[in-house]
Each structure stands twice: as C-alpha cells, then as structure tokens.
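Biologist: Got a minute to go through this one with me? I'd like to hear the reasoning behind the labels.

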Amino acid sequence: MPELPLREEAAEIAGEIAELRHSIHREPEIGLDLPKTQAKVLAALDGLPLEVSTGQGLSSVTAVLRGGRPGPVVLLRGDMDALPVTEETHLSYASVIPGVMHACGHDLHTAMLAGAARLLSARQDGLPGTVIFMFQPGEEGYAGARHMINEGVLDAAGERPVAAYALHVTSNRLPCGVFSTRGGPMLAAADQIRVTVRGRGGHASTPHRAADPIPAACEMVTALQTLVTRHFDVFDPVVITVGSFHAGTVDNVIPDEATFLATARSFSRESRSALAELVPRLIGDIARAHGLTAEADYSREYPVTVNDAGEAAFAGQAIADAFGTGRGEVAQFPITGAEDFSFVLEEVPGAFVMLGATPPGQDPETAPTNHSAVAVFDDAALADGTALYAELALRRLARA
Ligand SMILES: [Zn+2]
Ligand SMILES: [Zn+2]
C-alpha cells in the first residue's frame, strides 16, 4: 500500500476537485436527467481503470474499480442533482441557470466521489476487492437511488456490496470539516399527504344553505397536530407539517372545496404504518362529522435512512483514525430531513455520514441551511470528504 495517507493525497488534488465542483455548481440541473453533470463526471473519470456505465432511464454514472487482489465489494454513493432555487450567494462560481441552484451541496458530493475514484484507482493493484462508485441523479424528490437500484447498480460488480456509504455536506450545524453519524435511524421517512375536502359552495352570508369545506379543513390541520401528540410515543417521534393550504377566491363566496398538502416524517416502520392508516381515517371522520366528503391520499415517499450499527461505528473509527479525534461526532439525534440513500440501506448495510461545510466566519448555529438561496458550502471540506470516501472503501475492503 502506498505510504502517503489518503488525506494528504486528497489535499494534493484539492484544486482539481474544487474546479470540478465549481463547474458543476455553475450549471446545475434538476431531477433524473442531468446531461451536463453526467458529461462532467465522465470526463473526470476518463482514463481511470474503471468499468463505466450510464443509466437508461436516468443520467446516472456507475463506475466499477476492480482491485488487484481478491475481496468483497463496497459501494460509495454521491448524488448529483440541484434544486429549483434562484441562487443569491454572489459567489464567483454561482449558478448561471436562473431558478436552479446546488443549494444542497450535491455538487460537492459529485466532485468528492470523482476525487475518491482517482485516489483509489491509483491503488488498484493493492486493492483487496471492488469498489462501485454510484453517481446518482434525482435525490431531491425523484427517488433516483431507487431507479439506479432497479437498473442494477447493486449488482454492477457481479456480486452484492458488503457495505455502502454516502456523505452529505451541510452549510450549517457542523463546523467545517467535522463528520457526524450514528447507528440506527439517521434521517426520517418522508411521506406526502394530499387532502381534498369537498363541500357545496354558496353565498357567504347563508352558510347554512351551503356546505363549507374551509372550517372542516382547518379542523383537520389542527387535529393532525393532536394526532401527533396523542397517538405516537414521544420517543419515536413524528412530524406533520401542512405546507400548502388552498381554498376559495373572495370573501363573500363559500367555495366547493379546500385542498391541502402535508409532509409526514417518522423514524420507525411502526410509526410510518400507523401514520398511513390513521391520517386518512382522521380526515375522513372529520369530513363526515360535518356532512362533507374528503379524499386523503397518503403517499409513501422515502423510507427511514437506517445506518447499520456496526457500519456507523466502523465509519466513526475510520474518521478518528484518518483525521484524529475531534473531527468526528456521534450524532445525538437523527435528522428530520429525508434521503433516498435509504433505498440502498434497505438492501445493503452501511452508513450515511454528514460533513460540515460551514463557511469561515459563519456561526454553524445561525448559518443559512441547506436548500437556502444563500447557502454556502466551503471548498475546504472537499479534500477531507474525498479522503473519507476513499478511506471507507479501502479500510472496509482491507477489514473483510
Ligand atoms: Zn436536499
Ligand atoms: Zn441533499
């Protein structure tokens, strides 16, 4: 095995990793079809000893590095898509596409994973096993990971990975360069509730001659909060937020219907199933109580992201060994955000690791969050993120 620590090798190519990141950041793309981003990844991997394939139904890139020595398979995942946000950071490499921004830092993940592919390729001869690099579109609501699983990413090396890891940067909460993970639930399941309350419109002055859907819909919104506190264990938390609520046009007309959208977050299979059953029942019962009808569609989106206890501990140890103590923390609580890496972790044990990229001079507690139009992710996190991707693969293969 080469002498130079991966961390130092990563630092040596940090400039090129940042260049790739800036190029991706400038031209962000949304969803499952990211042709420019895909082309940049393919160019970055060009010349490396990888078996590269691209997706059919989405612009994914799967690269397989077969080591010179026998051993198992490990998967590393980086997501590549951006968000429908108009960037307001005024960075030199800010998005040139109006209404689209890498506001979740996936540009860093893509660049870091390409960097790791380079570092590990240089060690191919001594590598005891195989690494799958999963460059994934459509994390932000398009279930790109599930599409890639359906297209065979987990079997890309001919046998299933023994472990899978993903990194995610954050523009706040964690100081730059600090890694955070935990065993068990790491991120929430995120489901969507679509409700339509149907009544009968009429004159606002004679509500008794109409069937007003608005008060009933308001009652549903507050009843959902009561459902959260009365039906779920506080130590297995649930979050419901109504993020969209629409009804009516003017003050003197009772509308025919009211509609609202909510997100439901949960951290266990049991709570998720209970939500899927209880929410539509509650909505239907309230509608009936008022002589109305309601449709409540509970749609399961991303499952809980559950880190394997052993793999999370292994990642924590790798962080401590490679970067020293003080650079890694065990996350006290899961995050109420959601991730489609959860689909990978349903199939393969692994760990999802957060990496602080809070810019210098900003307080992690108050810095703008991921998805904000002014979120800034510091380039200083790139080398260590690259190194950790490579360390996780190398150490896990060497251990097996
Ligand atoms: Zn995001
Ligand atoms: Zn993200």
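Biologist: What makes the spacing of the donor residues of the zinc ion (ligand 1) C-x35-E-x230-H?

Modeller: This is a predicted model, and in it the zinc ion (ligand 1) is coordinated by Cys 104 (SG), Glu 140 (OE) and His 371 (NE2). Write those donor residues in sequence and you get C-x35-E-x230-H.

Biologist: How do you know that these atoms count as donors of the zinc ion (ligand 1)?

Modeller: Donors have to be N, O or S atoms within 2.8 Å of the metal. These sit at 2.0 to 2.3 Å, so they pass the cut-off.

Biologist: Why do you say that Glu 140 and His 371 tie parts together?

Modeller: Glu 140 lies in the loop between strand E4 (128-136) and helix H5 (144-150), while His 371 is in the loop between strand E16 (350-356) and helix H10 (382-399), so the pair links parts 231 residues apart in sequence.

Biologist: Are Glu 140 and His 371 buried or exposed, and how do you know?

Modeller: Buried means under 20% relative accessible area. Glu 140 has 17%, so buried it is. His 371 has 40%, which falls between 20% and the 50% limit for exposed, so it's called partly exposed.

Biologist: What makes Cys 104 a bridge?

Modeller: Cys 104 coordinates both the zinc ion (ligand 1) and the zinc ion (ligand 2), and the two ions are 3.1 Å apart. For the zinc ion (ligand 2), the donors are Cys 104 (SG), His 106 (NE2) and His 168 (NE2), at 2.1 to 2.5 Å, with the spacing C-x1-H-x61-H along the chain.

Notes. Residues numbered from 1 in each chain as written. Chains lettered and ligands numbered in written order. Predicted model: local features only at pLDDT ≥ 70, side-chain atom pairs only at ≥ 80, totals over all residues. Heavy atoms only, no water. Donors = N, O, S within 2.8 Å, 3.2 Å for Na, K, Ca; no water. Helix = DSSP H or I, 4+ residues; strand = E, 2+ residues; numbered from the N terminus. Buried < 20%, exposed > 50% of the residue type's maximum accessible area, 1.4 Å probe, protein only.
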